[in-house]
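Student: I would like to go through this model step by step, beginning with the ligand and moving on to the strands. Please keep the reasoning explicit.

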Amino acid sequence: MAALPEFTMEQVAAHQSDDDMWIVVDGNVYDVTKFKRAHPGGAGVLKIYAGKDCSQEFFAMHKAEVLEKWGRKLIKGTVAGAQAGAMQSTANAHHIDVTPYSEPSFWMGWQSPYYNESHTTFRLKLRAFVRDVLRPDAVEGEDTGDYPTAELYRAMGTSGLLAARIGKAVMPFLGMIPGIELEATLGVKPSEFDHFHEQIAHEEMGRGLGQAPGFNDGLGAGFCIGLPPVLHFAPAHIRDKVVPEVLRGDKRICLAISEPAAGSDVAGMLTTATKTADGKHYIVNGVKKWITNGMFADYFVTAVRTGSGRNGISMLFISRDMGVETKAIKTTYSGSAGTALVILDDVKVPVENLMGLGNRGKEGQGFACIMYNFNHERWFIVAQFLASCRLCIADCFKWATQRMAFGKPLIEQPVLRQKLARMAGAVESAHALLESVTYQMDKMPYKEQSLKLGGPIALLKYQSTRAGALVADEAVQMFGGRAITKTGMGAHVERFQKTYKYAAILGGSEEVMADLAIRQQMVGPAMQAKL
Ligand code: HEM
């Protein structure tokens with residue numbers, strides 16, 4: 001862009017009439033003569049500040065992104081001697097955010113045993129991808145309820161983002177799947193990809209799409225929990241066909257476990273799979289509820305009952321064309337998540353679609369498959385959720401420094417600093433536990449993780465969603481009316497306070513998590529320990 005002309009404040013002051021009106025914000029000069037009639041805050045306020053520098057007043061009422069969107073059309077030049085854009089650059093959410101507690105400590109300049117340059121490259125490239133490729137559709141789709149398009153899924157697939165959200169376990173496959181350019185697009189070689197890269201992938205989705213939580217889930221909540229069981233438990237003929245299709249974004253998958261009468265109590269599920277007389281098929285009957293991405297999924301990894309009790313649960317790989325019917329469920333967030341009631345009415349499934357441990361189909365192994373899978377699900381929910389919490393804290397911090405009340409910025413009030421401390425303390429400690437768990441996941445083989453990490457991951461999820469409840473509560477009190485206003489400065493907080501409970505319910509309720517965290521420790525010598 002050519003250098004902009006410079007003006008002195010005296011020159012700016014000469015433009016304060018109705019038909020020639022300039023203002024200064026953050027060292028830039030804007031011509032608002034025509035814009036004032038379209039200004040959402042009315043022409044009156046602009047007239048008050050005509051010919052003046054109103055940076056402080058501007059940032060008390062607008063997000064910096066308002067200038068990104070409108071500024072280019074209105075800009076006339078810069079103020080001589082001013083550092084134009086200095087206030088905006090600190091608010092640029094697409095690079096590392098300088099706002100305290102808004103990024104994990106490594107990115108705030110701390111030492112860390114977990115991360116290296118490759119993690120930073122990956123985070124920044126992915127942040128730009130989410131902003132440029134996903135966010136425009138997400139912000140619109142959150143309101144319209146439109147499902148993510150096939151093109152968007154393919155963009156996530158070819159960039160390697162879908163593979164990144166399944167993680168290290170899928171990396172050896174990438175060399176065999178043409179068209180997935182993880183290194184070229186997101187800057188990391190499949191061979192160096194670890195669980196911290198995957199954690200970052202979930203975090204960047206939570207952060208970059210904080211304003212579109214429903215659409216964000218539409219972009220992969222079902223996929224993130226639906227594909228791992230195929231990888232680990234589907235017979236080879238299904239795994240080798242489905243993993244490439246889904247990772248490229250050509251097909252979509254979801255996990256169908258919960259039912260109208262069985263949520264966290266998985267063993268209470270009623271959907272049956274009965275073998276046909278010739279032993280070649282299962283006939284599946286039942287209903288699955290709250291199935292994220294179910295409305296547009298091609299494949300349903302489905303828990304069914306082949307016998308009684310826990311050992312009577314099996315997993316079947318079912319495709320939509322076998323006769324699956326789906327109906328949309330209206331939830332608090334956007335319909336773009338594709339949350340479905342899945343109706344299985346005499347659905348005929350080949351017995352070869354039975355899943356099981358060691359990728360060998362076996363009846364009665366469904367419960368074990370589900371439990372193994374839960375660890376990854378709960379962990380990824382936490383990574384994404386804590387990033388949305390940080391986004392809220394960042395907005396609260398910025399708001400507290402921008403917003404003037406009783407003659408000084410909010411942050412000068414001790415009561416506001418207490419609120420920020422409570423939020424930051426809760427999220428930082430949960431995040432430290434997340435990093436420790438991620439490290440264990442990176443070092444332990446899948447089977448060992450399944451045995452050792454169930455309790456700690458449940459504790460992590462419990463701790464994180466409790467932290468989220470605190471963040472939602474304090475953030476709403478800080479933002480006041482703006483926390484219940486869909487657009488403007490409180491937009492993130494408004495979405496967060498409406499949707500933070502999802503994380504406390506999906507993948508196992510908060511209460512079940514707390515219970516599991518302790519119950520898993522009630523074994524062996526621990527139960528003999530005396531005071
Ligand atoms: C480059 C100049 C400006 C642009 C592009 C601009 C743009 C906007 C936009 C897009 C909104 C709607 C944001 C929302 O949804 O909350 C808004 C609202 C508003 N603006 Fe501006 N504005 C400018 C300058 C100013 C100035 C100088 C003032 C006065 C100090 C002002 C006062 C307001 C007020 C009072 C509102 C309503 C805020 C609310 O509903 O909470 N604006 N402006």
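Student: Which helices each supply at least two residues of the shell around the ligand?

Tutor: This is a predicted model. The shell holds 18 residues, and His39, Met61, His62, Arg482 and Gly488 are the closest. The helices that each supply at least two residues of the shell are α2 (43–49), α3 (55–61) and α4 (65–74).

Student: How many residues of the shell around the ligand are nonpolar, how many polar and how many charged?

Tutor: The count covers the 18 residues that surround the ligand. By class, the shell has two charged, five polar and 11 nonpolar residues.

Student: Which protein atoms are donors of the iron atom of the ligand, and at what distance do they lie?

Tutor: Both donor residues, His39 and His62, are among the closest residues to the ligand. His39 is in the loop between β4 and α2, whereas His62 is in the loop between α3 and α4, 23 residues apart. The donors are NE2 of His39 and NE2 of His62, lying 2.0 Å from the iron atom.

Student: What is the geometry of the site of the iron atom of the ligand?

Tutor: The iron atom has six donor atoms, with angles of 86 to 179° among them. Six donors count as octahedral if opposite donors are over 155 degrees apart and all others between 65 and 115. The site is octahedral.

Student: Is His39 buried or exposed?

Tutor: The relative accessible area of His39 is 14%. The cut-off for buried is under 20%. His39 is therefore buried.

Student: Which side chains have an N or O atom at 2.8 Å or 3.4 Å from an oxygen atom of the ligand?

Tutor: A polar side-chain atom of His39 lies 2.8 Å from a nitrogen atom of the ligand, so that residue does not answer a question about oxygen. For Arg482, the distance from a side-chain N or O atom to a ligand oxygen is 2.8 Å. At 3.4 Å from an oxygen atom of the ligand, the side chain is that of Thr487.

Student: What is the order of the strands in the open sheet of five, and which are the edge strands?

Tutor: The pairing in this sheet is mixed, and the order is β1-β5-β4-β3-β2. Each edge strand pairs on one side only, and these are β1 (6–7) and β2 (16–17).

Student: In which sense does β5 pair with β4, and in which sense with β1?

Tutor: Strand β4 (residues 28–31) pairs with β5 (residues 75–79) over three bridges, and Asn28 stands opposite Thr78 in β5. Two bridges join β1 to β5, where Phe7 has Val79 as its bridge partner. The sense is antiparallel for β4 and β5, and parallel for β1 and β5.

Student: Why is strand β9 (residues 299–305) described as largely enclosed by the rest of the structure?

Tutor: On one face of β9, Tyr299, Val301, Ala303 and Arg305 are buried, and on the other Phe300, Thr302 and Val304 are buried too. Both faces are covered. Strand β9 is largely enclosed because its buried residues number seven of the seven.

Student: Which strands are joined to β9, and by how many bridges?

Tutor: Strand β6 (residues 253–256) runs parallel to β9, and the bridge partner of Leu255 is Val301. Strand β10 (residues 313–319) runs antiparallel to β9, with Arg305 and Ile313 as bridge partners. The bridges to β9 number four from β6 and seven from β10.

Student: Where does Asn293 lie, and what is its phi?

Tutor: Asn293 lies in the loop between β8 (281–291) and β9. The residue is buried, with a relative accessible area of 1%. Its phi is positive in a residue other than glycine, near 75°.

Student: What is the phi of Asn359?

Tutor: The place of Asn359 is the loop between β12 (340–350) and α15 (366–402). Although Asn359 is not a glycine, its phi is positive, at about 55°.

Methods:
Residues numbered from 1 in each chain as written. Predicted model: local features only at pLDDT ≥ 70, side-chain atom pairs only at ≥ 80, totals over all residues. Heavy atoms only, no water. Near = heavy atom within 4 Å. Polar contact = N/O pair within 3.5 Å; in protein donor to acceptor, adjacent residues only side chain to side chain. Nonpolar A, V, L, I, M, F, W, Y, C, P; charged D, E, K, R; others polar. Pairing = 2+ DSSP bridges. Donors = N, O, S within 2.8 Å, 3.2 Å for Na, K, Ca; no water. Tetrahedral: all angles 85-135°; square planar, octahedral: opposite > 155°, others 65-115°. Buried < 20%, exposed > 50% of the residue type's maximum accessible area, 1.4 Å probe, protein only.
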